Each structure stands twice: as C-alpha cells, then as structure tokens.
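Here are my notes for your reading of the model, set out as numbered points. Please keep the structure open beside them as you go.

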Amino acid sequence: MNNKGKKYLIVFDFDQTITDKDTEFSAIEYFTPDFYKENEHELYTQKDWLSFNNLLYTKMKEKGFNWEIIKKYYEDLNLSPKMEELFKFILEHQNNIDSVICTGNNKIVVETVLKKNKLDNIIRYKICNNSEFDNDNILKITYLNEKYEHCNDCQPFLCKSLAMDNFFEKHKRESYNKVIFIGDGSNDFCFSKHLNENDILFPRKNFSLYNILYNDNKKNKIKAEIHPWENGIQIVDVLKKLDF
Ligand SMILES: [Mg+2]
Ligand SMILES: [Zn+2]
C-alpha cells in the first residue's frame, strides 16, 4: 500500500484498448463484409449505435452465424500488444489496485472476452450496456441506464464521465490515490477531461483520442499527466514508478 493507504483505480476502455481490434466492427467486417461495406459510413456516424448493433446481430443470424460461432470469434480476438504484462502487474498488486471497465460495448461480449482471457477476476467492476438473448437466441442490447443522456462531447449511448460519476457515488473518488485511465477512442475524450492533475491518462498512440490531443491540439484541455502507449509494457513502466 502506498503511503496514503489508498488504492489506485485503473479505468479501462474495452474496444481497441483491452482488445486490439474493435470487437463488433471487426465481427461485422468478418461475418458480413457486404453489409459492412454498404453501411460503413452509417456505422461510423451512427448516432443510435444500439439499434444498429441489434440489426447487426440479426443480420449475422440471417447469414447463418449463430451466437456460438460469433462467441468463438470474440474469444479468439487478440488483446492489445503485451496487455497481458499489464494484467500480470495488476494481479501482483491486486491489494493496491482496483480495476473497472467503462465501455459502450455490452455485458455479454465484454464477459466473453474477459472470461476467455482469464481476466474476469482481475477486472472487478464492469460498466457496460446490458444484453441478453431473445427467443431466437439473437443478442439484444439495451442501454445500461436511461440516465446516460449525451453531453456535448458524447454520443447518446454512453457518456463515460456520467457513467464514472455514477460509479464514484458508490466508490468514493477521494478513497483512491489516483485515477488511471487507459483508452483509445474519441468517446474517451470526455472522461479524459474529467481527470485531475494527480491522475494519469494513457491514450493509445495514433488512435482517435491521441489524434484529438496531439493533432487537433486539445492536449491543453487535459489536466492529468499523459503517457501515450503502443503496448502494455509501456503502461507497466509508468505504473512501476508509482508508490506501492
Ligand atoms: Mg475503444
Ligand atoms: Zn460526455
């Protein structure tokens, strides 16, 4: 335990942070390339991601890809480079680190990947959309909470700042020594701005969040210390310097 007797909180984005590729985009591209091509623009500008996402699983089922096949695809996806080193580090310091995933992805997909990679016990808390199977065994996704309306930065399905505010109602932010946020996407910018001077931000190098900070010159909006990363070892190297 560090000298203040407080734990560190690591907040993980999921897609392209824990997993190297975006789970669902890559599944659409893999299983229904035509549908992907026809809707590529829609996909990236889609405001109502959940309806689109629900349509996607229906499409895949129509093409003959049932959940068992899609599940296997998710289980076989690679984690981001050397991420296992970071999880090893967290496990070694599990009395001093709490971990939470905060993602717009859904519970069943997130848990499938975590379980397969034996991460379900390392990452204690999961903030994600709800999902269940309908009568045709098609994955159906619903909003985690109607309360997650969009702020100016975020798409309607999830504002991570609001989601984390909700988390901090139960797990007091002051009870943590530092908040450490690891992400890659434009939807990680909002919560990045909510980190304070004492916190650490890890944007994935050359991905959207990094480009917003370094190419769109929004780095000055961030109060936290920033360490771009390309692999898990680089993250561990920074964490090792903290007081444990
Ligand atoms: Mg992401
Ligand atoms: Zn937001």
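1. In this predicted model, 7 strands make up an open sheet of mixed pairing, and their order across it is β4-β3-β2-β1-β5-β6-β7. Strands β4 (139–142) and β7 (225–226) stand at the edges with a single partner strand each, so that one side of each is left without a neighbour in the sheet.

2. At the β7 edge, the pairing with β6 (residues 200–203) is parallel and runs over 2 bridges. One of the residues to look at here is I200, whose bridge partner in β7 is E225.

3. Helix α7 (residues 160–170) lies across three strands, namely β1 (7–12), β2 (97–106) and β3 (125–133), and its direction makes an angle of about 135 degrees with β2.

4. Which residues touch the most other members of the largest nonpolar core? They are I10, V11, I180 and F181, in a core that counts 53 residues. Both domain 1 (8–23 + 80–239) and domain 2 (24–76) contribute at least three residues to this core. Leaving aside residues up to four places away in sequence, I10 touches I90, I97, S99, I180 and I182.

5. Is N198, which belongs to the loop between α8 (189–193) and β6, buried or exposed? N198 is exposed, because 12 other C-beta atoms lie within 10 Å, and a residue is called exposed when that count is 12 or fewer. The C-alpha atoms of N198 and Q234 are separated by 19 Å, the two residues being 36 residues apart along the chain.

Key
Residues are numbered from 1 along each chain as its sequence is written. Chains are lettered from A and ligands numbered from 1 in the order in which they are written. This is a predicted model: local features need pLDDT of at least 70, side-chain atom pairs count only at pLDDT 80 or more; totals for chains, interfaces and linings use all residues. Two strands pair if DSSP finds at least two bridges between them. Helices (H or I, at least four residues) and strands (E, at least two) are DSSP runs, numbered from the N terminus. Two residues are in contact if their C-beta atoms, placed from the backbone, lie within 7 Å. Axes are lines fitted to C-alpha atoms, for helices over the stretch in contact, and angles run from 0 to 180 degrees between N-to-C directions. A nonpolar core is a set of buried Ala, Val, Leu, Ile, Met, Phe, Trp, Tyr and Cys residues joined through C-beta atoms within 7 Å. A residue is buried if 20 or more other C-beta atoms lie within 10 Å of its own, exposed if 12 or fewer, and partly exposed in between; C-beta atoms are placed from the backbone. Domain bounds come from an automatic or database domain assignment.
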